[in-house]
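Dear colleague,

Please find the structure below, handed over for your records. My notes on its internal cavities follow it.

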Amino acid sequence: MSELAQSNGWLPLVFMAVMGLAVLIYVVLDGYDLGVGILMGLASDTEKDTMVASIGPFWDANETWLVLGIGVLLTAFPLAHGIVMGALYLPVAAMLLGLILRGVAFDFRFKGQAHHKPWWNRAFVGGSLLAALAQGYMLGLLVVGFDRTPINMLFAAFIALCLAAGYCLLGAGWLLMKAEGDLQRRAIVWGRRALWLTALGIVGVSVATPLMSRAIFDKWFSVPNIFLLAPIPAFTAILFLLAAFAFKRLPVRLEQRNESWAWVPFGSTVVIFVLAFHGLAYSLFPWIVPQRMDIWQAAAAPESLMFILIGVIIVLPAILGYTAFAYWVFRGKSRDLEYG
Amino acid sequence: MSSLLNDALLLSRIQFAANITFHILFPALSIGLAWMLLYFKIRSDRDGGAAWMDAYRFWVKVFALTFAIGVVTGVTMSFQFGTNWPGYMETVGNIAGPLLAYEVLTAFFLEATFLGVMLFGTGRVSKGVQTMATFLVALGTTLSAFWILALSSWMQTPAGFEMIDGRAHVTSWLAVLFTPSFPYRFTHMLMACGLTTAFLIAGISAWRWRRGDRGGDVRVALGSAVWVAALLIPLQIVVGDLHGLNTLEHQPAKVAAMEGLWETQRGVPAVLFALPDEATRSNRMEISIPKLASFYLKHSFDAEVQGLNDFPNSHPPVMQVFWAFRIMVGVGLLMLVVSWASLLRLRRYGELGPKTSRALVLMTFSGWVALVSGWYVTEIGRQPWLVQGVLRTADAVTKVPPERIGLTLAMYLILYAVLLVAFVSTLFYLAHKAGADVNGKRMNPVADPYRANEIHAREHKHV
């Protein structure tokens with residue numbers, strides 16, 4: 001580890017944080033719109049239009065967080081980028097295929113000929129599912145240090161399913177806030193089903209990560225760490241119960257036209273994702289390629305990082321500001337999308 | 001065939017070329033369309049009337065579609081730097097990284113976020129805010145071009161850095177950003193975007209016009225596009241020429257390949273047609289005009305120009321560069337003729353004629369052809385270097401097994417073919433539907449928009 005007082009010591013840390021922030025925001029934001037995309041496979045035709053309308057103004061910008069995350073990996077940690085991307089070659093390709101399919105289907109299903117619409121709908125659902133599964137698979141491989149034994153790949157496949165479920169949970173939570181009537185009630189059903197698979201996935205990652213190496217195990221289970229860190233899993237469990245409780249109560253409340261709890265499943269899922277993300281980050285730090293390359297070994301030259309940092313400091317708050325503006329403009333229940 | 005499938009370098013190059021070729025088609029249109037839409041919007045806000053607003057409403061749909069394809073194929077690009085060319089970031093990551101990061105930070109978020117407000121903001125924000133959002137989207141697309149062209153120019157004419165232990169380190173960011181070829185490349189590219197868009201709008205509008213769909217929206221879009229095309233193309237030819245002279249100064253091997261010139265000589269002829277042959281290092285079936293190339297390259301009929309044989313093992317493949325250059329120039333000249341003929345016709349009669357309208361329809365995608373061939377000239381012309389004089393393409397390639405690259409390449413090619421067909425057919429379908437919506441049943445309800453031309457022509461015979 002380099003001296004933190006020197007720029008080549010602290011700059012990689014800052015960029016690790018920026019990359020983490022970008023990936024976290026991506027997972028939450030694109031998570032809900034990928035989730036809505038997957039759930040569309042279960043919806044009726046009119047519901048499909050509402051669902052697309054609920055993510056229409058946002059998905060482009062949501063996906064840009066992925067580009068920022070990968071951009072920071074590429075620019076701040078160029079030596080790791082090649083290794084990580086090489087190790088994830090096929091899942092990355094699958095994810096890109098999925099993202100391309102759903103991104104274009106989004107527009108084609110509105111603009112193409114009517115008899116093609118079912119096909120674009122399938123591309124939208126399939127693309128969303130493929131992207132979510134590929135991301136989960138990559139997460140699984142990351143946790144096991146890109147070590148492709150059959151059992152590890154099975155584990156990665158299981159995490160793939162769980163992340164897709166997590167995205168469905170986010171998507172269902174989003175629809176609860178954005179939709180009305182039948183669709184809103186169906187979102188509750190979808191959310192309840194996704195909740196348990198998501199929880200299973202988080203347990204899976206939490207169990208597998210400490211087993212990966214002695215160092216990670218000690219980070220969590222040595223004294224006093226175990227006591228200091230205990231609130232993270234405890235709080236996560238409470239949030240799951242809160243979401244489950246909200247799903248149970250919401251049908252009655254919505255029947256009484258009481259929307260005051262509609263945000264609870266989405267809100268608690270977001271916090272669950274944030275906590276899980278931090279737990280994982282804590283485990284993996286300071287490795288960027290687990291057990292092989294740390295962030296200081298992978299970092300770009302300090303003069304280059306400094307040049308980007310100036311941009312990050314000036315521009316990132318502006319991005320957060322106008323992202324908030326866009327969400328504020330399109331607040332409330334979603335309406336049909338109309339250009340004008 | 002088996003050697004091809006085992007060649008990671010060749011497969012990676014084909015894959016990257018396929019991705020970047022397909023990708024560039026859409027940002028080029030987004031950049032041009034965003035500014036055209038801003039113009040339509042401002043005219044509509046100021047002048048009132050339905051025509052400008054209808055034109056905006058139609059083209060904003062095309063824009064949204066174009067933008068979406070541009071975004072998703074752009075995401076692909078950002079991954080492929082690492083998946084296919086790890087040596088690139090390892091060697092010049094200190095320069096390429098920050099430029100790409102600034103593109104994401106200053107451009108991508110701006111355009112992607114305000115796109116929502118621009119497309120769907122009606123009723124939720126004021127007219128002024130929506131026009132502002134349109135402006136910010138246009139600005140974002142152009143900023144994106146700035147950063148990526150700065151990087152591309154740096155790879156062609158690197159400056160402002162030193163090599164330490166095999167990695168490039170920056171000595172001056174200003175020199176990195178504004179390399180000698182950057183001003184020419186950036187101007188040339190922005191104008192190319194403008195021309196690509198202008199011919200697309202003109203072509204689709206002329207197609208609608210020929211089908212009898214002659215509302216105010218079609219006329220204003222057509223008129224604006226023809227004006228833009230006619231004004232830009234002469235400027236583009238001048239800028240292209242200056243760009244060529246700049247290339248001659250910094251990358252003489254590329255110009256020698258563009259001209260099909262093997263031996264260094266005085267009084268170099270301008271080759272109109274030839275089949276350059278690298279085996280014999282000579283041109284077959286050459287047709288040329290004596291001394292002309294010396295004149296336009298060095299402004300003297302007897303000036304000496306360096307030939308390819310002066311660059312053993314470090315000049316680009318000749319055939320591709322030579323022909324890509326001729327296709328670009330040829331399309332450019334056609335653009336000049338068609339845009340001015342259409343403009344004069346519009347000025348004199350207020351309407352297109354059968355010939356000018358047909359020519360515009362045929363030229364709908366001419367911008368794409370010129371743009372892609374121009375990119376091939378400059379990018380293939382840089383080979384065998386990835387970064388001129390610093391890093392060879394072969395040294396940057398991935399160690400991923402070739403069959404994986406082949407598999408993903410096949411996937412991309414199929415996907416892109418489908419998307420291109422879908423894009424073009426949706427474009428004409430939207431145009432067809434726009435006409436049908438406006439004209440109701442007066443229009444011939446044709447199930448297949450591609451047959452509409454013939455039907456329309458038949459109708460005209462009856463008249």
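Which element supplies the largest share of the lining of the largest cavity? That share comes from α4(B), with five residues. Please bear in mind throughout that this is a predicted model.

The structure holds four cavities of 30 Å³ or more. In the largest of them lies about 90 Å³ of space. Its lining is made up of 15 residues, and the closest to the cavity centre are A:Gly56, A:Trp59, A:Asp60, B:Leu115 and B:Leu119. Both chains take part: α3 (59-76) and α5 (89-111) of chain A, and α3 (50-84) and α4 (86-120) of chain B, each supply at least two lining residues. By class, this lining has 11 nonpolar, two polar and two charged residues.

The second largest cavity has a volume of about 60 Å³. On the chain A side, its lining consists of A:Tyr89, A:Val92, A:Ala93 and A:Leu96. From chain B come B:Gln15, B:Phe79, B:Gln80, B:Thr83, B:Asn84, B:Thr408 and B:Tyr412. At least two residues of this lining are supplied by each of α5 of chain A, α3 of chain B and α15 (402-439) of chain B. The lining of the second largest cavity divides into six nonpolar and five polar residues, with no charged residue, whereas that of the largest cavity includes two charged residues.

In both cavities, then, α5 of chain A and α3 of chain B each supply at least two lining residues.

With kind regards

Notes:
Residues numbered from 1 in each chain as written. Chains lettered and ligands numbered in written order. Predicted model: local features only at pLDDT ≥ 70, side-chain atom pairs only at ≥ 80, totals over all residues. Heavy atoms only, no water. 1 Å grid on protein atoms, 1.4 Å probe; cavity = no way out; pocket = protein on both sides within 12 Å on 5 of 7 lines; lining within 4 Å. Points joined across faces, edges and corners; volume = space filled by probe spheres on them. Helix = DSSP H or I, 4+ residues; strand = E, 2+ residues; numbered from the N terminus. Nonpolar A, V, L, I, M, F, W, Y, C, P; charged D, E, K, R; others polar.
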